[in-house]
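Thank you all for coming; I would like to take a few minutes to walk you through one model. Please have a look at it on the screen before I start.

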Amino acid sequence: IDTMLVRKIYECLEPVSHPSFIGYCCCDDKCNGYQEDYYDNGKLRMEGNFKDGIPYGEVKTYYRSGKVKEIISYNKKGKLRRTILYNENGTIISNN
């Protein structure tokens, strides 16, 4: 059986209502609530909380190995507060 892996969570652009707005979509709709997405190997790819596509709190992305790749912190209105990027060994390579 052939299968196709489709990401559940992805960045999306709303060109009609807010041309510069980039949020997150889940299966062609704006993400709401806690969402998780997985690689085809079963490891977590991304997780976070969303309201109408806008992230709040921490959004984490992971390497295929399952190790944390990035932690992005947002305030309750979706404004970026901090981004921490890790290499596959777990060492912080960027902290803004």
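I will go through the sheet, then the hairpins, then the cysteines, and finally two residues that sit in strands.

Before anything else, please keep in mind that this is a predicted model, and that what I report has been computed from it.

Let me begin with the sheet. Six strands make up an open sheet, and if you follow them across you read β4, β5, β6, β7, β8 and β9, in that order, with antiparallel pairing. Which strands stand at the edges? They are β4, residues 33-38, and β9, residues 92-95, and because each has a single partner strand, one side of each is left without a neighbour in the sheet. On average, and ignoring direction, neighbouring strands of this sheet are turned by 10° against each other. As a general reminder, the strands of a sheet pair through backbone hydrogen bonds, in either a parallel or an antiparallel manner.

Now to the pairings around β6. On one side, strand β5, which covers residues 44-51, is joined to β6 by five bridges, the two running antiparallel, and within this pairing Met-46 stands opposite Thr-61 of β6. The connection between β5 and β6 is a hairpin with two residues between the strands, and in its turn Asp-52 has a positive phi of about 55°. Turning to the other pairing, β6, residues 54-62, and β7, residues 68-74, are antiparallel and share six bridges, with Lys-60 having Ile-71 in β7 as its bridge partner. β6 and β7 likewise form a hairpin, here with five residues between them, and Gly-66 in that turn has a positive phi of about 100°.

Next, the cysteines. How many disulfides does the model contain? The count comes to one, and it joins Cys-26 to Cys-31, with an S to S distance of 2.0 Å. The torsion about this S-S bond is about 100°, so the disulfide is right-handed. As for the surroundings of the two partners, Cys-26 has a relative accessibility of 10% and therefore counts as buried, while Cys-31, with a relative accessible area of 0%, is buried as well. Cys-27, by contrast, is in no disulfide, and the nearest cysteine sulfur, which belongs to Cys-26, is 6.6 Å away. With a relative accessibility of 56%, Cys-27 counts as exposed.

That brings me to Gln-35, which lies in strand β4, one of the edge strands I mentioned. Is this residue, Gln-35, buried or exposed? Gln-35 is buried, its relative accessible area being 11%. Its side chain makes a polar contact of 3.1 Å with the side chain of Lys-8, and the side chain of Gln-35 also reaches the backbone oxygen of Asn-32 at 2.7 Å. Leaving aside residues up to four places away in sequence, Gln-35 touches a set of residues that includes Lys-8, Ile-9, Cys-26, Met-46 and Phe-50; among these, Cys-26 is the disulfide partner of Cys-31, and Met-46 is the residue that stands opposite Thr-61.

Finally, Ser-73, whose place is in strand β7. At 17% relative accessibility Ser-73 counts as buried, the cut-off for that term being under 20%. Again leaving aside residues up to four places away in sequence, Ser-73 touches Gly-57 and Glu-58, and also Lys-79, Leu-80, Arg-81 and Arg-82.

I will stop there, and I am happy to go back to any part of the model.

Definitions and conventions. Residues numbered from 1 in each chain as written. Predicted model: local features only at pLDDT ≥ 70, side-chain atom pairs only at ≥ 80, totals over all residues. Heavy atoms only, no water. Pairing = 2+ DSSP bridges. Helix = DSSP H or I, 4+ residues; strand = E, 2+ residues; numbered from the N terminus. Axes fitted to C-alpha atoms, helices over the stretch in contact; angles between N-to-C directions. Disulfide = S-S within 2.5 Å. Buried < 20%, exposed > 50% of the residue type's maximum accessible area, 1.4 Å probe, protein only. Contact = heavy atoms within 4.5 Å. Polar contact = N/O pair within 3.5 Å; in protein donor to acceptor, adjacent residues only side chain to side chain.
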